[in-house]
Amino acid sequence: MSTAVPIVLAGARGHGRWHLENIRRLQDKGIVRLAGICELTPLSEEELPEGLVLPSGAPEQSADFGALLDSTGARIAVICTPIPTHTDLALTAARRGVHLLLEKPPAPSYAEFRRMADGVAEAGVACQIGFQSLGSHAVPAIRTLMAEGAVGEIVGIGGAGAWARPEAYYRRAPWAGRRRLNGVDVIDGVLTNPLAHAVATALALGGTTRAEDVTGIETELLRANDIESDDTSCVRVTTTGRQIVVGATLCAEDPDEPYVVVHGEQGRITFWYKQDRVLLQRANHGPEEFEYGRTDLLENLVEHLTDGADLLVTPEATGAFMKVVEAIRLAPDPAPLPDGAWQLLPDEQRRVVPGIDGLVAAAADTLALYSELGAPWVPPARTNEVST
């Protein structure tokens, strides 16, 4: 086990449980070793996945991230903590020469993102941003199809996410569903957090991932739930190459797999990014379906450190996504949907917007915003054009 890379995980509950399981998987392969866990309240033995504790002992636990990095000699820190804490924790690790896997969204504002990215670069440490979908082997395959003209000239790229979350989802943490908390930006909206992958993946397929690639952003931010942030939204990103429109909701009638669709003049490529599944439809051909593997981002970071493999999701490669986060941060507060536009499903204790599933799909299909599709509940002049 001496060659295994020591890791500290900051934030081991909630989504952090996924990281615990993934670290256990890589530990079983002899690639990494969980040296420490940073949580405000230590994990109990029951909360540690079976097989994670090595014969040499349980991982060290502490609420002091910096001290834990020092005492464990960690080479990598996985940061899966509330969004507003990302930048300071990342810089705490970077100053110690500890490399990073930083959960998405990397920061709640563009200024905080730049502070993180510049500090990490100055420290000379590697940083991977946790957009797992960008580890899919489908992404380079689709970009190759686009470059080869498989569906002709590219018209634009759409994204659709129709998910469901109960009202309790917004009570799971003080920052959940908030735009700000105690005067600090959080920006926990549908496009910036749960369905952020739809935005980031669409930008990646378009080859427009850097901040300077974005020339304009329009947002329509709405909410059916009693929250500060948005749960039913769409965004149009104008880039140096083309337009990208993503429709998203957490109030779906019939929740389904999110996807990104590349529109060409002679066909389309649909990518269900959680499943690594691709459907190619083009003129004069039958539909073709492909399934791809994916590279785990933590494994890629370890390979970058040990073998010099290229990092898949650098901070700079999320600059365009962070421009979208910034546009949403600067937009007017999300408009509450009128009472008649949503209903509560008592069995599931979640709010549903009738017709939203079709609207989300139509936005991805036609590259139009909800207001342009005739949604009666979009207030006038909600669109916020941000030139960058």
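**Salt bridges and the parallel sheet**

In this predicted model, Glu316 has a relative accessibility of 32% and therefore counts as partly exposed. The side chain of Glu316 meets that of Arg114 in a salt bridge, with a distance of 2.8 Å from N to O. Arg114 belongs to helix H4 (residues 110-123), whereas Glu316 is found in the loop between helix H7 (297-307) and helix H8 (319-330), so the pair ties together parts that lie 202 residues apart in sequence. Arg114 is likewise classed as partly exposed, because its relative accessibility is 22% and the buried class is reserved for values under 20%.

This pair is one example from a wider set, as a search of the whole structure finds 25 salt bridges. Another of them joins Glu47 to Arg13, whose closest N and O atoms are 2.8 Å apart. Here, too, distant parts of the chain are linked: Glu47 sits in the loop between strand S2 (32-38) and strand S3 (60-62), while Arg13 sits in the loop between strand S1 (5-10) and helix H1 (16-28), and the two residues are 34 residues apart. Glu47 is partly exposed, with a relative accessible area of 34%, and Arg13 is also partly exposed, with a relative accessible area of 28%.

A further salt bridge is formed between Asp185 and Arg180, and the closest N and O atoms of this pair are 3.4 Å apart. Why is Asp185 classed as buried? The relative accessible area of Asp185 is 18%, and a residue counts as buried when this value is under 20%. Arg180, at 33% relative accessibility, counts as partly exposed. In addition to such pairs, salt bridges that share partners join Arg25, Lys29, Asp296 and Glu299 into one network.

Attention now turns to the strands. An open sheet is formed by 6 strands, which follow the order S3-S2-S1-S4-S5-S6 and pair in parallel. Strands S3 and S6 (127-129) occupy the edges; because each has a single partner strand, one side of each is left without a neighbour in the sheet. From one strand to the next, the twist averages 20 degrees.

How many bridges join S1 to S4? These two strands run parallel and are connected by 4 bridges. Within this pairing, Leu9 has Val78 in S4 as its bridge partner, and Val8 stands opposite Ala77 in S4. S4 also pairs in the parallel sense with strand S5 (residues 99-102), over 4 bridges. In this second pairing, Ala77 stands opposite Leu100 in S5. The chain passes from S4 to S5 by way of helix H3 (residues 86-95), and the resulting β-α-β crossover is right-handed.

The side chains of strand S4 (residues 76-79) complete this description. Ile76 and Val78 point one way from the strand, Ala77 and Ile79 point the other way, and all are buried. Two of these buried residues have already been met in the pairing of strands: Val78 as the bridge partner of Leu9, and Ala77 as the residue opposite Val8 and opposite Leu100 in S5. Strand S4 thus stands between S1 and S5 in the order of the sheet, paired with S1 by 4 bridges and with S5 by 4 bridges.

Note on methods. Residues numbered from 1 in each chain as written. Predicted model: local features only at pLDDT ≥ 70, side-chain atom pairs only at ≥ 80, totals over all residues. Heavy atoms only, no water. Salt bridge = Lys/Arg side-chain N within 4 Å of Asp/Glu carboxyl O. Buried < 20%, exposed > 50% of the residue type's maximum accessible area, 1.4 Å probe, protein only. Pairing = 2+ DSSP bridges. Right-handed = clockwise from strand over helix to strand, strands pointing away. Axes fitted to C-alpha atoms, helices over the stretch in contact; angles between N-to-C directions.
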